[in-house]
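Let's walk through this structure together, one region at a time. Keep the sequence and the 3D view side by side as you read.

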Amino acid sequence: MSAIEPTGPSQAVGTAVRHSTTAIKACGSRNDCRGALQLLQYMPMHRLTPGVISYNAAIIACEKDRRWDQAVALLWPMDWLGPTPGVISYNTAIITRAKGR
């Protein structure tokens with residue numbers, strides 16, 4: 001068995017979450033807020049739970065796409081449904097909002 005091969009269902013899910021987060025980060029590189037949000041919505045439909053890193057990647061993608069409203073709106077599901085937003089989440093949303101003025 002390879003060292004990078006998943007050894008069980010939970011590791012396979014973790015790998016899928018990391019791959020999804022990487023795809024969301026790629027959307028940020030392309031200034032593609034819409035794509036990042038679509039990928040973030042895709043995750044729970046496929047029984048993947050987005051973590052704070054996934055949400056932060058989407059917030060950053062929206063910031064780069066100058067979609068402050070979408071970036072700030074992502075804080076609500078994080079705050080109410082989880083994961084708990086971190087310093088990066090709030091700082092990015094605040095910076096994005098300030099740029100939107």
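Asn 31 is partly exposed, because its relative accessible area of 39% falls between the limits for buried (under 20%) and exposed (over 50%), as found with a 1.4 Å probe on protein chains only. You will find Asn 31 in the loop between H1 and H2. Its backbone deserves a look too: phi of Asn 31 is near 55 degrees, a positive value in a residue other than glycine.

A word on what you are looking at: this is a predicted model, in which local features need pLDDT of at least 70 and side-chain atom pairs count only at pLDDT 80 or more, while totals for chains, interfaces and linings use all residues. Residues are numbered from 1 along each chain as its sequence is written, and side-chain values use heavy atoms, with hydrogens and water left out.

Now follow the chain to the loop between H2 and H3, where Arg 47 sits. Arg 47 also has a positive phi, of about 60 degrees, although it is not a glycine. Arg 47 counts as exposed because its relative accessible area is 77%.

Let's step back to the whole chain. It holds six helices and zero strands, where helices (H or I, at least four residues) and strands (E, at least two) are DSSP runs numbered from the N terminus. Read along the sequence, the pattern is α-α-α-α-α-α. Of the 101 residues, 34% count as buried. Among the contacts in the chain with a separation of 6 or more, 57% are made by residues 24 or more positions apart; a contact here means heavy atoms within 4.5 Å.

How do H2 and H3 pack against each other? Their angle is about 160 degrees and their axes are 8 Å apart. The axes are lines fitted to C-alpha atoms, for helices over the stretch in contact, and the angles run from 0 to 180 degrees between N-to-C directions. H2 and H3 are therefore roughly antiparallel, given that angles over 145 degrees count as roughly antiparallel, under 35 as roughly parallel, 65 to 115 as roughly perpendicular and the rest as oblique. On the H2 side, the contact is made by Cys 33, Ala 36, Leu 37, Leu 40 and Met 43, and on the H3 side by Ser 54, Tyr 55, Ala 58, Ala 61 and Cys 62. Sorted by class, that makes nine nonpolar, one polar and no charged residues in the contact of H2 with H3. In this scheme Ala, Val, Leu, Ile, Met, Phe, Trp, Tyr, Cys and Pro are nonpolar, Asp, Glu, Lys and Arg are charged, and the others, Gly among them, are polar.

Two of those contact residues are also bonded to each other: Cys 33 and Cys 62 form a disulfide, with their sulfur atoms 2.2 Å apart, inside the limit of 2.5 Å for a pair of cysteine sulfur atoms. The pair links distant parts of the chain, Cys 33 in helix H2 (residues 33-45) and Cys 62 in helix H3 (residues 52-64), 29 residues apart. The link is right-handed, with 65 degrees about the S-S bond. Both Cys 33 and Cys 62 are buried. What about Cys 27? Cys 27 is in no disulfide, and the nearest cysteine sulfur, that of Cys 33, is 9.3 Å away. Cys 27 counts as buried because its relative accessible area is 4%.

Cys 27 turns up again around Leu 39, a residue of helix H2. Leaving aside neighbours within four places in sequence, Leu 39 is in contact with Ala 23, Ile 24 and Cys 27. The C-alpha atoms of Leu 39 and Ile 24 are separated by 6.4 Å, though the two residues are 15 apart along the chain. Leu 39 is partly exposed, because its relative accessible area is 25%.

Is Ala 58 of helix H3 buried or exposed? Ala 58 is buried, with a relative accessible area of 0%. Not counting residues up to four places away in sequence, Ala 58 touches Ile 24, Ala 36, Leu 40 and Leu 74. Thr 21, in helix H1 (residues 9-29), likewise counts as buried, at 7% relative accessibility. With the same sequence neighbours left out, Thr 21 touches Ile 53, Ser 54 and Ala 57.

Finally, look towards the end of the chain. A cis peptide bond joins Gly 82 and Pro 83, with omega about 0 degrees. Pro 83 has its place in the loop between helix H5 (75-81) and helix H6 (87-100).
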